[in-house]
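Let's take a look around this protein together. We'll go from its backbone to one of its helices, and then to its empty spaces.

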Amino acid sequence: HMGRVEGWEGRPWVLPAAKVAKSRREELRKFGRALRDRAPERGSSEPTDAENGIGLGWSAAGLDDWRGLTTARGDEAGDSLRVAWSAGELFRHVLDPEAKLPAGLTIYTLDDFGEVDSIAELPVVRAADKEALRAVSSYWLDWHTLSVVDDEKVGRMDAVSRQCIAWLLKDRFDISSRHGWVFEGVGLYLSYRVVGTRFGVCVRESEYTSDSDPEDLLARLRGSRANWFRIAHEVLNSKYKPNFAFMLGKDVNNLTGEELMYGYVLSAYLLEVLPDKAPDVLKRIGAGDAPATVIEETFGAKLDQVERNLLNWLDDVRF
């Protein structure tokens, strides 16, 4: 009569939504891993005259009409294309079967931040974008050309995955950084299933610290083995729990780390428990509907009840 069902070892009775989430999370984990084996093999490609003319030592790969170019060692040009392909396949599987990354996609991956100055001289880069390109680690030079720079390959592949999912969120649902929790929460959740990392956190530094672990929240989240659901449970049951309603209306630049955790939990709930409703939520928010209204209508409850449901659910799914 308490509304719980038989759970699993260590948590014998759970909310029905938690059991659904556990099954769905495992399904998506297996699907993401299978993508790495299914991704097409690289083909041949060559740098253009303009690309050779900027003086970087490229290795190149192709995948249909896509091109990957890298200054890093190994087969990273091909790896970046396979990551992009996997991101697209997962997005189609989870949110929109008609989603498709752009024809003629070109991905530059650089292992030296000093090489960005050379990229800035490519004809595709507009003068107005040169300063922004030098200020960030990943940037769309135009609608189908992505530049990524990082000292480590794992960081470069994380950025390729996240940026491809961001491109699809914009293209299919008009979701961008102005829709903070959706952009961050859904983007990070899906990208994690592609590459197993969540480095690209785009929010403000957090004031949250734990008495037992004073490390900054964002540093903890970027840890390679970080359990985001356990960290979220800790944060959202502390005095640092942010205002749920305010979080729903913020853009990325105004989100705190604590609000990121809330957005991630809400996104996970939508993708794991309400997958049939998730595309409509994104479509409505992208079209300009008030996020609070969309969430209340999707859950069939007022925000305070939605919040209680999320926190109760989180208590069950922090495995």
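Is aspartate 64 buried or exposed? Aspartate 64 is exposed, with a relative accessible area of 80%; here buried means under 20% relative accessible area, exposed over 50%, and partly exposed in between, using a 1.4 Å probe and protein chains only.

A word on where this comes from: the model is predicted, so local features need pLDDT of at least 70 and side-chain atom pairs count only at pLDDT 80 or more, while totals for chains, interfaces and linings use all residues. Residues are numbered from 1 along each chain as its sequence is written, and side-chain values use heavy atoms, with hydrogens and water left out.

**Backbone turns**

Most residues other than glycine have a negative phi. Here are two aspartates with a positive one. Helices (H or I, at least four residues) and strands (E, at least two) are DSSP runs, numbered from the N terminus.

| Residue | Phi | Loop between |
|---|---|---|
| Aspartate 64 | near 55° | strand E3 (59–63) and strand E4 (66–70) |
| Aspartate 174 | near 55° | helix H6 (153–173) and H7 |

Aspartate 174 counts as partly exposed, at 30% relative accessibility.

**Helix H13**

Helix H13 covers residues 291–299, and its buried residues are Pro291, Val294, Ile295, Thr298 and Phe299. Looking down the axis of H13, these fall within an arc of 115°, so they line one face of the helix; the arc is that of the directions from the helix axis to the C-beta atoms. Their cover includes helix H7 (180–195), helix H11 (257–273) and helix H14 (303–317), where contact means heavy atoms within 4.5 Å. Right after H13 comes glycine 300, with a positive phi near 65°.

**Empty spaces**

On a 1 Å grid over the protein atoms alone, a cavity is a set of points where a 1.4 Å probe fits but cannot get out, and a pocket is an open set with protein on both sides within 12 Å along at least five of seven lines; lining residues have an atom within 4 Å of a point.

There's one cavity of 30 Å³ or more. The largest cavity has a volume of about 60 Å³, and its lining includes Tyr192, Phe199 and Trp228.

The second largest pocket has a volume of about 460 Å³. It is lined by 18 residues, with Arg25, Arg29, Tyr192, Arg193 and Phe319 nearest its centre. Helix H1 (16–38) gives the largest share of that lining, seven residues, while H7 and helix H9 (228–236) each supply at least two.

Key:
Grid points are joined across faces, edges and corners, and a volume is the space filled by probe spheres set on the points.
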